[in-house]
Amino acid sequence: LIATQFESHHAREAFPCVDEPEAKATFDLSLTIPKGEVALSNTPVKSEEKQGSEVVMTFDTTPKMSTYLLAFVYGEMQCKEAKTKDGVAVRVWATKAQNTDALDFPLDVGVKVVEFFNDYYGVPYPLAKCDHVALPDFSSAAMENWGLITYREAYLLVDPKTTPQSMKEVITTVIAHELSHQWFGNLVTMKWWDDLWLNESFANVMEYVATDALFPEWNIWDTFVSHEGLSSLRRDSLPGVQSVRTPVNHPDEIGSLFDPSIVYAKGGRLLNMLMNYLGSEDFRKGLTIYFEKHKYGNTTGSDLWAALTEASGKDVAGFMEPWLTRSGFPVVSVDQVGSDVAIEQNHFLVDPSKVDPDRIWPVPLLSTATEIPELLEKRTSNATVQESGYIRINDGASGHYIVHYKQNEHLNAIAALAEQKKLTPAERLMLLSDSSLLARADYLSFAATLELLRYYANEDAEPVWDMISLLVADARRFVDLNENLEGSIKQLIRSLIEQQYQRLGWDEKDNESGEDKKLRATIISLGVYAEHEDITKLALDAFDAYKKDTASVTSELRSIVFGAAVRNNIDGAFEYLLKLEETTSNPDLKQELMSALTTTKLTERGQQLLDRVKDPAKVRLHDVDTWVVLLLRNRYCRPLAWDWLRANWSWIEKTFEGDKSYDSFPRYAASSFNTRTLYEEYQVFFEPLKNNVALNRNIVLGIEELDSRVKWLERDLSAVSDFLTQT
């Protein structure tokens with residue numbers, strides 16, 4: 001199978017062109033391919049001409065479009081096809097190694113999402129067909145080539161028997177993301193890469209809009225807060241992080257723009273914040289105006305703001321420009337004494353010494369009290385509220401900022417509302433998230449964040465447990481400074497999960513919600529790590545059963561069962577799972593096996609996995625960074641993986657230098673380290689590589705991230721130790 005990937009500036013490697021987004025043109029493509037193979041491009045096939053053992057495939061002229069969106073794929077493929085109600089042909093393609101049943105779900109979603117966006121945008125899908133192709137080895141999760149969308153197999157194919165609910169939801173959002181691009185990015189394209197957010201930030205929020213319309217029972221907006229919110233806030237709190245709109249002066253800088261936490265997650269959050277500020281109807285009307293006015297052309301952010309202002313009557317540019325052009329976000333401090341409320345915003349960073357004292361934003365306060373202004377456009381505001389009781393800020397959790405309730409009684413009152421489920425799941429998880437970030441910046445101790453968990457004893461919402469799991473992972477970082485804490489952390493986890501484990505049990509129930517299926521997996525995964533006696537026994541029994549009958553373990557629990565067998569060093573388990581990983585063509589199973597195998601506590605096993613990373617017969621290139629980062633996150637194998645990364649850097653450079661995943665290696669290493677020693681080693685190794693434009697941004701951020709994390713862990717170690725030993 002041969003496939004192209006031209007974004008961002010690689011079309012020039014295939015044919016002579018002015019390879020910039022604003023240089024739009026029509027394209028006439030012909031491919032000479034072996035007879036008997038399938039050829040696809042952006043448009044339908046116009047003609048075929050046989051020439052001996054080959055065929056010349058000529059495609060219809062494309063619409064006016066940017067070079068980076070041109071694409072072709074050819075090889076041995078199979079497909080399933082359907083049509084939208086407007087007659088657009090939708091096809092899902094995969095290699096013949098895949099089960100054809102895996103094409104049904106993405107085909108159904110592909111048809112429904114095109115129909116949804118036709119209606120939502122008020123502008124019809126502009127091509128005659130839309131192909132979705134699963135590629136066996138592909139660096140990106142997916143690519144929005146116009147009419148020919150390419151995907152990693154794991155992000156498109158859904159085996160009806162084996163794909164977990166959690167992965168179905170991911171795949172739906174990925175398909176919706178790429179289809180949103182057919183309008184945002186393809187029909188209307190940014191003039192230059194500094195407005196990449198016009199593509200990616202919008203596709204990020206639209207993937208949730210479409211998925212919620214198709215599957216409202218999934219409560220996908222809670223997932224939006226737990227995934228995009230947590231990712232963006234943690235990244236955006238680092239000194240030196242890029243803004244959503246970032247100048248681009250060199251082609252090698254373009255790849256570093258695709259920061260998933262900023263141009264995707266933060267940008268999506270800002271646009272969701274704008275959608276809430278304007279109202280969904282005016283937001284939608286503005287998009288229709290934008291597409292009608294600029295279709296087949298190029299734009300900047302000001303063109304979009306003008307359309308949304310026309311639809312809403314609000315000063316959209318004045319509201320959005322500070323958020324897009326300034327990195328970081330505010331902490332909104334609320335000091336309420338009786339009916340008197342003082343509100344103050346300040347630039348928030350995990351390193352308080354580097355905040356910009358003059359940086360402010362127009363903050364939508366989203367308060368529960370009508371006396372509080374809609375927007376905080378200055379640093380401070382004072383108000384007197386009439387109703388008794390404490391106010392809340394960021395009601396609905398759609399604002400891109402964190403809230404600091406300065407009075408302990410105020411915070412406890414809000415936490416009590418969380419305990420009584422009088423806050424939404426999104427609000428409950430953001431209360432924990434805000435506390436964890438405030439601890440990082442020394443507003444309070446992380447022990448206080450852990451103390452806050454006592455209000456969550458009855459928590460049963462899966463997105464909130466995503467946040468609780470993240471706090472557990474944060475607590476586990478302290479083990480690198482004091483190994484004796486691990487037993488206490490495991491005891492804390494066992495007490496946290498017990499109520500939900502008793503409610504959910506091990507086995508799925510008839511007509512159970514998708515959220516509970518995912519939550520069970522979260523609870524059992526935590527239980528396996530915490531050595532919960534019953535959970536561990538059932539996990540190991542399930543592994544024995546799986547070897548006899550693979551259908552005996554539900555897809556949501558499969559990777560956890562595998563991991564339990566590896567972590568507990570069950571005789572023959574590692575060899576069995578490694579052989580399965582090397583032979584399966586099921587993309588979900590492959591991902592799960594990678595996750596399980598890399599949990600080994602045995603360094604010789606970790607070395608065995610590292611020794612095969614560079615063997616293309618055993619590890620696909622798009623999985624190299626996954627194997628390495630999972631072993632970096634494993635504290636038993638981390639020294640081996642770090643040594644491997646440094647020893648094999650020249651190979652990484654040669655293999656990935658032209659790829660968007662290249663700068664992920666310094667990012668992943670920084671996210672995995674917790675000690676001053678590793679921080680210093682990171683600096684020694686990566687500092688000399690900062691002159692590489694493609695790596696510079698993530699190295700600078702990696703150093704900042706490690707500096708602030710090490711200071712935080714050292715600062716809070718004593719208080720966290722006291723908390724854990726007393727609970």
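# Cavities, pockets and burial in a predicted model

User: Which helix gives the most to the lining of the second largest cavity?

Analyst: Helix α19, residues 587-597, gives the most, with three residues. Keep in mind that this is a predicted model.

User: Which residues line the second largest cavity?

Analyst: The lining consists of R152, E153, A154, P587, K590, Q591, R620, H622 and D623. Sorted by class, that makes two nonpolar, two polar and five charged residues. The space inside is about 60 Å³, and the structure has five cavities of 30 Å³ or more.

User: What makes a space a cavity and not a pocket?

Analyst: It comes down to whether the probe can leave: in a cavity a 1.4 Å probe fits but cannot get out, while a pocket is an open set of points. The second largest cavity, with its space of about 60 Å³, is of the closed kind. The largest pocket, at about 740 Å³, is of the open kind.

User: Which residues lie nearest the centre of the largest pocket?

Analyst: Q5, S139, G658, D659 and K660 do, out of 33 lining residues. Two or more residues each come from β1 (2-3), α5 (251-257) and α23 (649-656). Helix α5 has the largest share there, three residues.

User: How do the residues of that lining divide into nonpolar, polar and charged?

Analyst: For the largest pocket, the split is 10 nonpolar, 14 polar and nine charged. If you check this by eye, remember that Gly counts as polar, so G658 goes into the polar group.

User: And the second largest pocket, which residues are closest to its centre?

Analyst: The second largest pocket has a volume of about 500 Å³. Its lining has 26 residues, and Y405, L411, L431, S435 and L452 are the closest to the centre. By class there are 15 nonpolar, five polar and six charged. At least two residues apiece come from β19 (402-405), α10 (408-419), α11 (425-440) and α12 (446-452), with α11 holding the largest share at six.

User: Why is E581 called buried?

Analyst: The cut-off for buried is under 20% relative accessible area. E581 has 1%, so the label fits. This residue belongs to helix α18, residues 573-583. Beyond its neighbours within four places in sequence, E581 is in contact with K590, L593, M594, L597, R612, K618 and W627. One of these, K590, also lines the second largest cavity.

User: Is L471 buried or exposed, and how do you know?

Analyst: Buried: its relative accessible area is 0%, and anything under 20% qualifies. L471 is found in helix α13, residues 462-477. Apart from residues up to four places away in sequence, L471 touches L432, S436, F446, T449 and L453. C-alpha to C-alpha, L471 and L453 are 9.4 Å apart, with their positions 18 residues apart in sequence.

User: Why is N511 called exposed, while E531 counts as partly exposed?

Analyst: Exposed needs over 50%, and partly exposed is the range between 20% and that value. N511 reaches 82%, so it passes the cut-off. E531 stops at 46%, so it lands in the middle class. N511 lies in the loop between α14 (485-504) and α15 (514-529), and E531 in the loop between α15 and α16 (533-548).

User: What is the phi of N511, and what is it for E531?

Analyst: N511 has a positive phi of about 60 degrees and is not a glycine. E531 has a positive phi near 60 degrees, again in a residue other than glycine.

User: Which residues does a cis peptide bond join?

Analyst: E7 and S8, with omega at about 10 degrees. S8 is in the loop between β1 and β2 (30-34).

User: How do you know that the radius of gyration agrees with a compact globule?

Analyst: Set the two values side by side: a compact globule of 727 residues would come in near 27 Å, and the protein chain has 26 Å, so they agree. The C-alpha trace spans about 80 × 70 × 55 Å along its principal axes. Buried residues make up 59% of the chain. Of the contacts with a separation of 6 or more, 70% are between residues 24 or more positions apart.

Methods:
Residues are numbered from 1 along each chain as its sequence is written. This is a predicted model: local features need pLDDT of at least 70, side-chain atom pairs count only at pLDDT 80 or more; totals for chains, interfaces and linings use all residues. Side-chain values use heavy atoms; hydrogens and water are left out. On a 1 Å grid over the protein atoms alone, a cavity is a set of points where a 1.4 Å probe fits but cannot get out, and a pocket is an open set with protein on both sides within 12 Å along at least five of seven lines; lining residues have an atom within 4 Å of a point. Grid points are joined across faces, edges and corners, and a volume is the space filled by probe spheres set on the points. Helices (H or I, at least four residues) and strands (E, at least two) are DSSP runs, numbered from the N terminus. The radius of gyration is taken over C-alpha atoms; the globule rule is 2.2 Å times the number of residues to the power 0.38. Buried means under 20% relative accessible area, exposed over 50%, partly exposed in between (1.4 Å probe, protein chains only). Contact means heavy atoms within 4.5 Å.
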